[in-house]
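User: I would like to go through this model in short questions. Please reason briefly and finish each reply on the value or name I ask for.

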Amino acid sequence: RASMKKELPERFKDYKNVWVVVEIERGRVHPVSWELMGEGRKLADRLGVQLCAVVLGPKAASTKAAVKQTYHYGADVCYICEDAALTDYRNAPYTEILTDLVNKHKPEILLLGATPLGRDLAGSVATTLGTGLTADSTELRIDDDNSLAATRPTFGGTLLCTIYTLNFRPQMATVRPRVFAMPEADTTRAGRMVWESLRMKEEDIVTKILEFVADNTSSEANLAYADIVVAGGMGLQNEANFRHVKRLAQVLGGDYGCSRPVVQKGWLPAERQIGQTGNTIRPRLYIAAGISGAIQHRVGVEGADLIVAINTDPDAKIFEFAHLGVVADALTVLPALSDAFARR
Ligand code: FAD
């Protein structure tokens, strides 16, 4: 890396501040935005610069409420653009306003959630600006020379690689929901609001939204943000046995998930998968039944406060990182736990 590092080109020298793009869908802010604000605050403090938020949406009370919340979660400045063309996410107007803002205010670091919206927007903004983007990061750090080091799993999760955007600005990264903890809101904090406007007119936007159909069947958001998660793996042996996982989750007031082969077998839908290629979870309690604890599963659960593993094999990898282990048949332990908690 040292040999690759050149002097930062002169035109990038006035790039400063850390920015977070706040994701709003139908008036609701995606919690990953606040998780990024918490982490962005740390990066900004380390660099001695400001933390800025970008709020894009229609002229609405919810858009203004989001601005206020950015201050509570640590923003010094919030750039806001209200325009009917920004009501529902479309790539063209969002890319234009964000690239305009970057060219005008020159952030050094630009962060987005690795959500469907964030992935789409970050890719086109990075391409338009001709800068580097580390997608799906799991760790962000400021290096000794003040550059952003973004780490992400690679080679099927067997390696972690750290990526630098050496001689380009801004340094962009998307980060998965739940990788960073939710920061505390300080409702006494206030910041400075800066109004911006969109150049693009509705008639210039080729994508038209004809209808908006909410996906009420998706459990992805609930699972990622559930306080208690019970999951089953191949040790449960068949689809019918997942009733034990669902029942315990229901008795505990939590949600349920599974390992990848369970999805591959068709026993549970893909949005129930936990791990590197599924959901990252950060519950207070995670109960893993009949799951071996492969690295690809581990990276999605290790943010849990308490991990309880039930496995018949005392040498299973999951016991290397579980806080509590039960060496027993999950098909006996799960119903026993459900009955015991149901009686309470
Ligand atoms: P197994 O490895 O088959 O383990 C079953 C476990 O159940 C064993 O430990 C066994 O001892 C135990 N057991 C058996 N019977 C019982 C019983 N009656 N009671 C209790 N325990 C019992 N995996 C994920 O989970 N999420 C991912 O996102 C993911 N992404 C991947 C991405 C890539 C690129 C690759 C290559 C792999 C990925 N995997 C992922 C797969 C991962 O490598 C493992 O194969 C998978 O996690 C194993 O699932 P499992 O633990 O359910 O099954």
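User: Is Leu112 buried or exposed?

Analyst: This is a predicted model. Leu112 has a relative accessible area of 2%. The cut-off for burial is under 20%. Leu112 therefore counts as buried.

User: Which element holds Leu112, and which residues does Leu112 touch beyond four places in sequence?

Analyst: Leu112 sits in strand S6, residues 109-113. Its contacts, leaving out residues up to four places away, include Val21, Leu36 and Gly118. The rest of the list is Leu121, Ala122, Met172, Ala173, Thr174 and Val175.

User: How far apart in space are Leu112 and Trp19, C-alpha to C-alpha?

Analyst: Along the sequence, 93 residues separate Leu112 and Trp19. In space, the C-alpha to C-alpha distance is 8.8 Å.

User: Which residues touch the most other members of the largest nonpolar core, and which helix gives the largest share?

Analyst: That core has 33 residues. Val18, Met37, Leu111 and Leu140 touch the most other members. The largest share, 7 residues, comes from residues 31-47, helix H1.

User: How many residues make up the other core that lies apart from it?

Analyst: Ile97, Leu121, Ala126 and Met200 are among the members of this other core. Its size is 27 residues.

User: What does Val18 touch, not counting residues up to four places away in sequence?

Analyst: Val18 touches Gly40, Leu43, Ala44 and Leu47. Val49, Gln50, Leu51 and Cys52 are also in the list. The list closes with Ile109 and Leu111.

User: How many disulfides does the structure hold?

Analyst: A disulfide here needs a pair of cysteine sulfur atoms within 2.5 Å. The number held by the structure is 0.

User: Is Cys258 buried or exposed?

Analyst: Cys161 makes a useful reference: at 25% relative accessibility, Cys161 counts as partly exposed. Cys258 has a relative accessible area of 0%. Burial means under 20%, so Cys258 is buried.

User: Which residues come nearest to the ligand?

Analyst: There are 27 residues around the ligand. Those that come nearest are Ser259, Thr277, Ser292, Gln296 and Asn311.

User: What is the distance from an oxygen atom of the ligand to an N or O atom in the side chain of Gln296?

Analyst: Take two backbone pairs beside it. A backbone N or O atom of Arg260 is 3.1 Å from a ligand oxygen. A polar backbone atom of Thr312 is 3.3 Å from a ligand nitrogen. For the side chain of Gln296 and a ligand oxygen, the distance is 2.7 Å.

User: What share of the ligand does the protein bury?

Analyst: The ligand taken alone exposes 990 Å². Of that area, the protein buries 74%.

User: Which elements give two or more residues to the shell around the ligand?

Analyst: Two helices qualify: H7 (260-264) and H8 (295-301). The remaining element is strand S16 (306-311).

User: Where is Gly278 found, and what is its C-alpha separation from Gly300?

Analyst: Gly278 is in the loop between H7 and strand S15 (285-289). Its relative accessible area is 25%, so Gly278 is partly exposed. Beyond four places in sequence, Gly278 touches Arg176 and Gln273. Gly300 is 22 residues away along the chain, and the C-alpha separation is 7.7 Å.

User: Is His72 buried or exposed?

Analyst: His72 belongs to helix H2, residues 61-72. Outside its neighbours within four places, His72 is in contact with Glu184, Ala185, Asp186, Thr187 and Arg189. The relative accessible area of His72 is 16%, so His72 is buried.

Notes:
Residues numbered from 1 in each chain as written. Predicted model: local features only at pLDDT ≥ 70, side-chain atom pairs only at ≥ 80, totals over all residues. Heavy atoms only, no water. Core = buried A, V, L, I, M, F, W, Y, C linked by side-chain atoms within 4.5 Å. Buried < 20%, exposed > 50% of the residue type's maximum accessible area, 1.4 Å probe, protein only. Helix = DSSP H or I, 4+ residues; strand = E, 2+ residues; numbered from the N terminus. Contact = heavy atoms within 4.5 Å. Near = heavy atom within 4 Å. Polar contact = N/O pair within 3.5 Å; in protein donor to acceptor, adjacent residues only side chain to side chain. Areas by Shrake-Rupley, 256 points an atom, 1.4 Å probe, with all protein chains shown as cover.
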